[in-house]
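Here is a friendly note to read alongside the structure, for anyone meeting it for the first time. Please take the points in order and keep the view open as you go.

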Amino acid sequence: TTGGAINLISKAPEVDGKLSGDFRGSYGNYKAVSIDAAIEAPLIQDVLAARIAVTYADDEGYQKDVTNNRRLAETHYWGVRGTLAFRPSDTFKATLRYTHGKTDQVATAPLNKGSLEIPGVGAIDFSGYQRPATLGFREREDNRTGNVEVNFDLVTLSATLSLPSFDIVSVTSYHSGIYSQQANTDGSPLQLLEIDWASKTKAFSQDLRAVTTGSDGFKLIVGGYYGKEKIKTFNIFEILQSPLVPLRAFAPPFAALLEQYGGLQQRQEIERESMAAYSQVRWDFADRWGLDVGLRYTRDIDRMPLYNISRIDPNRTPVGSFVPGNISPALLGFPVDNAFLPPSADFPAGIYLDGPYTTASAPAQRIRNQRVTGKFGVDFKPTDDVMLYASYSRGYRSGNFNGGNYYIAKTAAEG
């Protein structure tokens, strides 16, 4: 587009080509190995061709865990793509692609700098841990950083039917993915915040458009889009499971309360359905002058059919539930947007606000967003090698549900 988006399309085999292939490899620091290779050939000359491409990358990791004498921040992934190109006539062509990718590598560990500045001591965290000054920038004292694992599958089918004055173009896709990661979020050898992330995604989309072909100086695109996506999330947060030494020194009751936190289980499902209609005109209205005008209407419906936040003990045994089940309305007569009440005159030891454990969901949520967006641009080419342009565009992205770790829905009057 004029000074705008870049569309990256993987190479397709040529039905009128011949057996061919390519190979690229490299070796670098940290024993880094990278390989990209492909081979293609016509299966039925001038009608059907196939291509297979593979990619692979591996290194030993650029961080070192000095506690366990192991490497962190690895790269280790591979992928394969198979492509079929089908052209039975001069007026119809189709391309089918299947892609599978897998990542299984030790994650990058964060750098712990401490959040409490102690005079004469330096920065420490809430467990009292202080990163040794002798550690290099890429060295860590780590107790938990684990693997990042991603499995990804994608199928796309694109087809074009050429008619006398316009083309009909269809692009259909489906993908599914599984993601997990063991994160040592506090960046220390102790246990302040450690998270197991896990999610599954499935998505389908269909784009259908007509593109005029009758004039080199005028092009009109009219199309529609439909997409549907579903994400399931199950995260586990282990919270404050090491002694809070600094807090014990000046607020013992509060430290004792927080050290009982244990952790959280977060379950969430999000669904999105999107529909759009769009049109764009490209008109070369004078010698070396061009005009682009586009308009799009988008409607998104987002749903959250499942949301549950529950408390677990250090052994991950269920203890209670915050959402649904927070007991603050019954205890205080009004909702409290928090997981606990700190020590006070009414509650000397403090109190957690989880109710009985349940895997039930909070009330399902649904929102609808819609917007009209567009683009206007003009360009001028004083020479064949130089183009001047001015463009105005307005984009749009639908809102969605941010689960966080804990929340209580509020009315507009409550803020």
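1. Let's begin with strands β2 (residues 32-44) and β3 (residues 48-59), which run antiparallel and are joined by 11 bridges. To find the pairing on screen, look for Ser34, whose bridge partner in β3 is Ala57. Please keep in mind that this is a predicted model.

2. How many residues lie between β2 and β3 in their hairpin? There are 3, and the turn holds Asp46, which has a positive phi of about 70°.

3. Strand β3 has a further partner to follow: 12 bridges join β3 to strand β6 (residues 75-89), and these two run antiparallel. A handy marker here is Ile52, which stands opposite Gly82 in β6. As background, strands of a sheet pair through backbone hydrogen bonds, in either a parallel or an antiparallel way.

4. Now have a look at the open sheet made of 3 strands, in the order β5-β4-β10, where the pairing is mixed. The edges are taken by β5 (70-72) and β10 (139-140); each has a single partner strand, so one side of each is left without a neighbour in the sheet. Strand β4 (residues 63-65) pairs with β10 in the parallel sense, over 2 bridges. Within that pairing, Asp65 is found opposite Arg140 in β10.

5. In the loop between β5 and β6 you will come across Ala73. Its phi is near 60°, a positive value in a residue other than glycine. Is Ala73 buried or exposed? Ala73 counts as buried because its relative accessible area is 4%, and the cut-off for buried is under 20%.

6. A similar backbone feature can be checked at Arg288, in the loop between β15 (262-286) and β16. Phi of Arg288 is near 70°, again positive in a residue other than glycine. With 35% relative accessibility, Arg288 is partly exposed, a class that covers values between 20% and 50%.

7. Please also visit Arg299, which belongs to strand β16 (residues 289-312). What is the nearest side chain of opposite charge to Arg299? That would be Glu273, 4.1 Å away; Arg299 is buried yet has no salt bridge. The cut-off for a salt bridge is 4 Å, so a pair at 4.1 Å does not count as one. Leaving aside neighbours within four places in sequence, Arg299 is in contact with several residues, including Glu273, Ser274, Met275 and Arg368.

8. Asn184 deserves a look as well, in the loop between β12 (166-183) and β13 (193-212). Its relative accessibility is 1%, so Asn184 counts as buried. The side chain of Asn184 makes a polar contact with the side chain of Asn143, at 3.4 Å. Setting aside neighbours within four places in sequence, the residues in contact with Asn184 include Pro110, Asp142, Asn143, Arg144 and Thr145, and also Leu190, Leu193 and Glu194.

9. One last stop is the peptide bond that joins Val323 and Pro324. Which form does the bond between Val323 and Pro324 take? The bond is cis, with omega at about -5°. Pro324 itself sits in the loop between β17 (318-323) and α3 (328-332).

Key: Residues numbered from 1 in each chain as written. Predicted model: local features only at pLDDT ≥ 70, side-chain atom pairs only at ≥ 80, totals over all residues. Heavy atoms only, no water. Helix = DSSP H or I, 4+ residues; strand = E, 2+ residues; numbered from the N terminus. Buried < 20%, exposed > 50% of the residue type's maximum accessible area, 1.4 Å probe, protein only. Lys, Arg positive; Asp, Glu negative; His and termini not counted. Contact = heavy atoms within 4.5 Å. Polar contact = N/O pair within 3.5 Å; in protein donor to acceptor, adjacent residues only side chain to side chain. Pairing = 2+ DSSP bridges.
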